[in-house]
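Reader: I would like a close look at a single part of this model, taken slowly and with its surroundings in view.

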Amino acid sequence: MVFLMDNKMLFCLGKSFANSIAAGDRDSIDCLLRMLDSRKRGLLLIYSSNKAIDLIVAYFQQSGDGETVELLRTMSKKFRHKKQLLKDLTAFVLVGCSGKRNPRRRGNVIHVAPDFINKSNVLYPPILLGENLTDCELYAEGISKNFIDGIPQSLSELQLFDRFESGGGNSTHYSYSRHKQKSMDFCFCIVDSDRAHPSKKLGDTAKFVVNVDKNHKSPLCDNLVIDMYSAENLLPMDEIERQFNVGKSQQQISQFAIAKKIRGMNSWRHLPLKQGINGGDLKKVDMRSQYWAGELKAAGMTLPCCEDPSCSCNLVPSISDKTLATALKPENAGWRSKLNREDSQYIRSDYSKISTELRSWLCVGAPIRS
């Protein structure tokens, strides 16, 4: 099993990189020594073909650097087990030959030159950028660390740590844009769609992040828009209900039954859990009102609830805005082990996307003891 002790990506040492080292290129040699130091400390994961590693080993043997030769040989014993990762990862770094080249991406391969690595922060842990830190913790520690059902075995053997950055809600795109323009760090950004019905366009936060991608191309950064109204919609129903029931009357608890029915419907992804839905929301003449009137009827609710034009009937009770933070407390971690038993296929699909992406962007190897 490969253990992740800090956030990193897999670095593949290319044949051209090995040739540069064999030719004594200083940028390539310095780059390799920095990568080996980080690998030794468990800060990144390295893979190479046998031909490439043989060229590199031969150079250091001729240089009389026995310590580096020993480290390279120790690493190469595990290369066979990492080969499948090159197919399963959604992104990995291919280190090529030296040259004044900017990084570029082709498919799941991010091509990076040694001199760029030496002048950037890409050997530091990648950044997981979210709307806030609790969202980041949900995606990495809650979902990615625990959901493995259906993802490739090579990825399921990887574990996660953290380096989180809060984007500040609807200003997340500013942070994302900054990372893309500076092109100094690896950064993966996750935001929710904030769509209250299927016909609604992306909310401002997601829309702005997507627009940043169109305007600023950088292979060091990528994003994932989760089609959920909020991160709370990804929590298991048992945990949401457990928290909701605390301090509630039996009548209030029975009112929450409608939310449990919606959980099994595709409309769950559009449910504004922290706002809830009241009768007044459905008396507006707009697409959102029409959509939710139809969905609530499909869930078994009789509408209209009353004839009062300023109706305040509580149709779908709201949950606390502290629900996610409470769920992430260590004493409430029981729900994490149940993610692989989630019934909803579209929620499982979102779990799989999040887990696959973060295991790809945030993978490292265990420290190598001298």
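Reader: What covers the buried residues of helix 1?

Author: This is a predicted model, and the description that follows should be read with that in mind. The cover over the buried residues of helix 1 includes strand 1 (10–13), helix 2 (26–40), helix 3 (50–62), strand 3 (92–95) and helix 7 (114–118). Helix 1 itself spans residues 15–22, and the residues buried in it are Phe-17, Ala-18, Ser-20 and Ile-21. Because these buried residues fall within an arc of 155 degrees when seen down the axis of helix 1, they line one face of the helix. The general background is that an α-helix has 3.6 residues a turn, so residues three or four places apart point the same way. Just after helix 1, Gly-24 takes a positive phi of about 80 degrees.

One of the buried residues, Phe-17, is touched by Met-35, and Met-35 is in turn among the residues with the most contacts inside the largest nonpolar core, together with Leu-138 and Leu-296. That core has 107 residues. Leaving aside residues up to four places away in sequence, Met-35 touches not only Phe-17 but also Phe-11, Leu-13, Leu-44, Ile-46, Val-95 and Leu-123. Of these neighbours of Met-35, Phe-11 also belongs to an aromatic cluster that it forms with Phe-186, Phe-188 and Trp-361. The structure as a whole holds seven aromatic pairs.

Conventions
Residues are numbered from 1 along each chain as its sequence is written. This is a predicted model: local features need pLDDT of at least 70, side-chain atom pairs count only at pLDDT 80 or more; totals for chains, interfaces and linings use all residues. Side-chain values use heavy atoms; hydrogens and water are left out. A nonpolar core is a set of buried Ala, Val, Leu, Ile, Met, Phe, Trp, Tyr and Cys residues joined through side-chain atoms within 4.5 Å. Buried means under 20% relative accessible area, exposed over 50%, partly exposed in between (1.4 Å probe, protein chains only). Contact means heavy atoms within 4.5 Å. Helices (H or I, at least four residues) and strands (E, at least two) are DSSP runs, numbered from the N terminus. The arc is that of the directions from the helix axis to the C-beta atoms. Rings of Phe, Tyr and Trp (its six-membered ring) pair if their centres lie within 6.5 Å; planes under 30 degrees apart count as stacked, over 60 as edge-to-face and the rest as tilted.
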